Amino acid sequence: MIKEPGLDARPKKIIADNKKREQKFNFCKAVLLDIFLVFYSLIVIQRAIYYKFILDIRDIPFAWSQIWIVLFISIIIGSLWAFTKTSLSCNLFGVAKDCKTTKLTTEIFGWVLFDITFIAGWIVTKISIVDLFSKDGIEGAQRIFGALFQPEMSIFDDVVFATIETIYLALIATLISIPFTLIISFFTARNLMKDNKISFAIYYILRIVLNFVRSIEPVIWAIIFSVWVGIGPYAGMIALLVHSIASNAKLYSEAIEGIEDGPVEAITATGANKIQVVWYGVVPQIILPFLSFTIYRWDINVRMATVIGLVGGGGIGTMLMQYQGLAKWHEVGLIVLVIAFVVWVMDYISAKIREAIY
Amino acid sequence: MTLLRIQNLHKIYKNGTHALKGVSFEVEEGEFLVIIGLSGSGKSTLLRCVNRLIEPTTGTIEFLGKDITHIKGEELRSVKKQIGMVFQQFNLIKRRSVLSNVIVGRLGSMKTLDSIFERFPDSIYDEAKKCLETVGIEEKADVRADSLSGGQQQRVAIARSLMQNPKLLLADEPVASLDPATSNSVMQYFEKINKELGTTVVCNLHFLSLVRRYATRVIALKAGEIVYQGNPLEIDEDWFKTIYGDEAEEVEIR
């Protein structure tokens with residue numbers, strides 16, 4: 001008893017349509033990338049290599065009209081480029097047909113782009129061997145290093161108390177961040193949010209916001225909050241809190257994205273609702289990674305708290321900045337030693353705890 | 001009575017794979033239907049389309065005379081509640097006890113808050129224990145699920161699906177990661193459920209010896225199409241080669 005395989009036309013058409021649409025979309029992307037690559041090379045060659053290096057101008061003249069002209073040229077060259085066999089982006093997006101010319105030109109243009117970037121980077125950084133080995137410079141370095149290794153012990157009590165303040169500040173920031181991070185991380189996990197359009201929009205917006213918050217360094221948050229709530233440990237704590245939430249939410253949600261799908265599928269199959277699936281299928285799998293990330297974050301926060309102190313976030317960092325401002329290098333030496341010791345101990349403890357958990 | 005009717009079912013994955021190419025068949029109540037075929041022939045996709053873990057591309061699926069191909073939300077969940085499923089990898093919650101894994105089978109009929117705070121009525125515990133008795137591991141109720149052996153874990157998974165009082169039990173290669181002896185004992189529990197509780201079973205299997213012993217009817221899939229439908233005992237050498245390719249040879253497991 002055989003059933004004749006009845007293939008109707010629709011599924012085949014769906015496949016063909018999908019393929020065509022993807023090809024078109026990829027070609028559009030390739031054209032845009034080609035334009036960008038040409039634009040990038042022209043701008044870098046003109047500004048970094050021509051003006052700065054060949055003409056050696058200190059203040060490079062800036063005019064929008066120039067930029068527009070370069071952009072116009074690169075749009076023309078780039079879009080023409082995309083139609084030739086030599087296009088780099090067509091190869092990258094898999095639009096180009098497999099042939100020798102494309103492979104060769106991809107290699108060549110890849111190297112050209114890399115070289116331009118490297119040379120421009122070298123010029124912009126002002127790398128100079130002479131400065132590193134100048135006589136004055138080395139003498140200054142010797143003076144400071146000498147002082148750092150003869151720490152002034154009379155301020156030991158104050159340093160210890162400031163350090164404890166820093167540790168507590170980091171701890172509170174970490175603890176308060178936990179509930180916020182937990183809630184946010186579920187909404188920024190792709191595998192939980194991709195099913196319908198509204199939840200995917202929420203996922204997308206939250207991701208952008210978190211990326212933005214995370215890209216601002218805690219030091220800058222500390223400056224903002226020291227204006228907002230006044231200089232001191234409180235401002236430092238909020239700065240760390242904000243950064244902890246944004247960073248840990250990413251780690252947490254990645255842990256959620258990395259779970260085994262099996263239990264989730266099995267529980268979905270029983271007819272459980274979304275919240276039940278998350279609670280029974282997802283949560284048991286992520287408790288340990290969450291705990292581990294949180295302990296690690298405390299460790300990171302202690303290190304960051306010292307840096308934040310430099311801009312008025314309280315604790316040991318503020319103290320370090322005060323003595324450094326007065327050029328009292330022996331006191332600074334003691335503070336640096338204590339910080340190094342605390343960071344080492346925290347690192348050790350948090351590693352041990354995380355090992356014990358798993 | 002016809003429990004499940006599938007007509008001209010197609011599934012095309014996003015990457016372009018055409019996994020099912022117009023599959024049509026019916027499942028009568030009380031049957032033990034086994035689906036065979038090579039890996040990648042579309043067996044798992046077919047089972048997952050039945051309880052809508054995967055969205056079929058075109059075609060219709062009727063369950064108990066009702067079209068369930070495109071239902072959503074609450075309606076879909078109520079259909080899922082009536083269809084149990086057992087997986088190759090058992091898919092238990094590893095860190096929880098066996099008993100709470102079995103209770104998971106009943107989540108669909110519980111209020112969300114009650115299930116989160118685990119406020120289960122006593123009757124549920126009794127039922128869960130009864131389900132564990134059916135598969136013969138009631139003494140392991142309080143053990144962590146990941147401390148059990150493979151065969152025991154699969155029995156817990158069966159107990160979990162029994163908790164749903166399913167009309168239809170789907171099994172996706174339930175014995176593929178077990179040794180031959182354990183495979184047989186796990187299959188016996190499926191037979192028991194099929195015969196004693198009258199639950200219809202649709203099962204993916206690899207080994208023909210198991211198929212001949214347990215199936216009442218066989219469907220063979222090849223590259224997403226049905227190539228054989230009928231009595232398991234009638235699969236001879238020629239059919240075997242048609243289904244599994246000319247290179248294949250039957251291996252006997254005992």
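These notebook entries record what I looked up in a predicted model.

**Entry 1. Helices α10 and α11 of chain A**

I began with the packing of helix α10 (residues 218–228) of chain A against helix α11 (residues 233–257) of chain A. The two axes lie 8 Å apart and make an angle of about 135 degrees. I therefore class α10(A) and α11(A) as oblique to each other, since an angle has to be over 145 degrees to count as roughly antiparallel. I noted the crossing of α10(A) with α11(A) as right-handed.

I then listed the residues that make this contact. From α10(A) they are A:P218, A:W221, A:A222, A:F225 and A:S226, and from α11(A) they are A:A235, A:I238, A:A239, A:V242 and A:H243. Sorted by class, the contact of α10(A) with α11(A) holds eight nonpolar residues, two polar ones and no charged ones.

**Entry 2. A:H243**

I followed A:H243 further, as one of the α11(A) residues in that contact. How buried or exposed is A:H243? Its relative accessibility is 6%, so I enter A:H243 as buried. With neighbours within four places in sequence left aside, I find A:H243 in contact with A:R214, A:I216, A:P218, A:R297 and A:M304. A:P218 thus appears both among these partners and among the α10(A) residues of the helix contact.

**Entry 3. Helices α7 and α15 of chain A**

Next I examined helix α7 (residues 156–187) of chain A and its packing with α15(A). Here the angle is about 40 degrees and the axes are 10 Å apart. That angle makes α7(A) oblique to α15(A), because roughly parallel would require an angle under 35 degrees. I recorded a right-handed crossing for α7(A) and α15(A).

On the α7(A) side the contact is made by A:F156, A:V159, A:T163 and A:I167; on the α15(A) side it is made by A:L334, A:I335, A:V338 and A:V342. I count these by class as seven nonpolar, one polar and no charged residues.

**Entry 4. A:M346**

I stayed with helix α15 (residues 329–357) of chain A, where A:M346 lies. At 8% relative accessibility, A:M346 counts as buried. Which residues does A:M346 touch, not counting those up to four places away in sequence? I found A:W298, A:D299 and A:V302. I also checked A:Y296, which is 50 residues from A:M346 along the chain; the C-alpha atoms of A:M346 and A:Y296 are separated by 9.3 Å.

**Entry 5. Aromatic pairs**

I turned to the aromatic rings and obtained a count of 18 aromatic pairs over all chains. One of the pairs I inspected is A:W81 with A:F109, which is edge-to-face, at 4.9 Å centre to centre and 70 degrees between the planes. A:W81 belongs to helix α2 (residues 64–82) of chain A and A:F109 to helix α4 (residues 100–125) of chain A, so this pair ties together parts that are 28 residues apart in sequence. A:W81 counts as buried, with 13% relative accessibility, whereas A:F109, at 30%, counts as partly exposed.

I compared this with A:F114 and A:F118, a stacked pair at 6.3 Å centre to centre and 20 degrees between the planes. Both residues lie in helix α4 of chain A, four residues apart, which is about one turn of the helix. I find A:F118 exposed, with a relative accessible area of 51%. I also see that ring pairs link A:F114 and A:F118 with A:W111 and A:W122 into a cluster.

**Entry 6. Helix α12 of chain A and its cover**

I looked up which residues of helix α12 (residues 261–269) of chain A are buried, and they are A:G262, A:P263, A:V264, A:A266, A:I267 and A:A269. What covers these buried residues? The cover includes α13 (274–309) of chain A, together with α2 (73–81), β6 (83–86) and α6 (150–162) of chain B. After α12(A) comes A:G271, and I noted its phi as positive, near 90 degrees.

**Entry 7. B:Q153**

Last, I checked a residue of helix α6 of chain B, namely B:Q153. With a relative accessible area of 14%, B:Q153 is buried. Leaving aside neighbours within four places in sequence, I list B:F90, B:L92, B:A145, B:D146 and B:L148 as its contacts.

Terms used: Residues are numbered from 1 along each chain as its sequence is written. Chains are lettered from A and ligands numbered from 1 in the order in which they are written. This is a predicted model: local features need pLDDT of at least 70, side-chain atom pairs count only at pLDDT 80 or more; totals for chains, interfaces and linings use all residues. Side-chain values use heavy atoms; hydrogens and water are left out. Axes are lines fitted to C-alpha atoms, for helices over the stretch in contact, and angles run from 0 to 180 degrees between N-to-C directions. Helices (H or I, at least four residues) and strands (E, at least two) are DSSP runs, numbered from the N terminus. Angles under 35 degrees count as roughly parallel, over 145 as roughly antiparallel, 65 to 115 as roughly perpendicular and the rest as oblique. A crossing is left-handed if the near helix is turned anticlockwise from the far one by less than a right angle, and right-handed if clockwise. Contact means heavy atoms within 4.5 Å. Ala, Val, Leu, Ile, Met, Phe, Trp, Tyr, Cys and Pro count as nonpolar, Asp, Glu, Lys and Arg as charged, and the others, Gly among them, as polar. Rings of Phe, Tyr and Trp (its six-membered ring) pair if their centres lie within 6.5 Å; planes under 30 degrees apart count as stacked, over 60 as edge-to-face and the rest as tilted. Buried means under 20% relative accessible area, exposed over 50%, partly exposed in between (1.4 Å probe, protein chains only).
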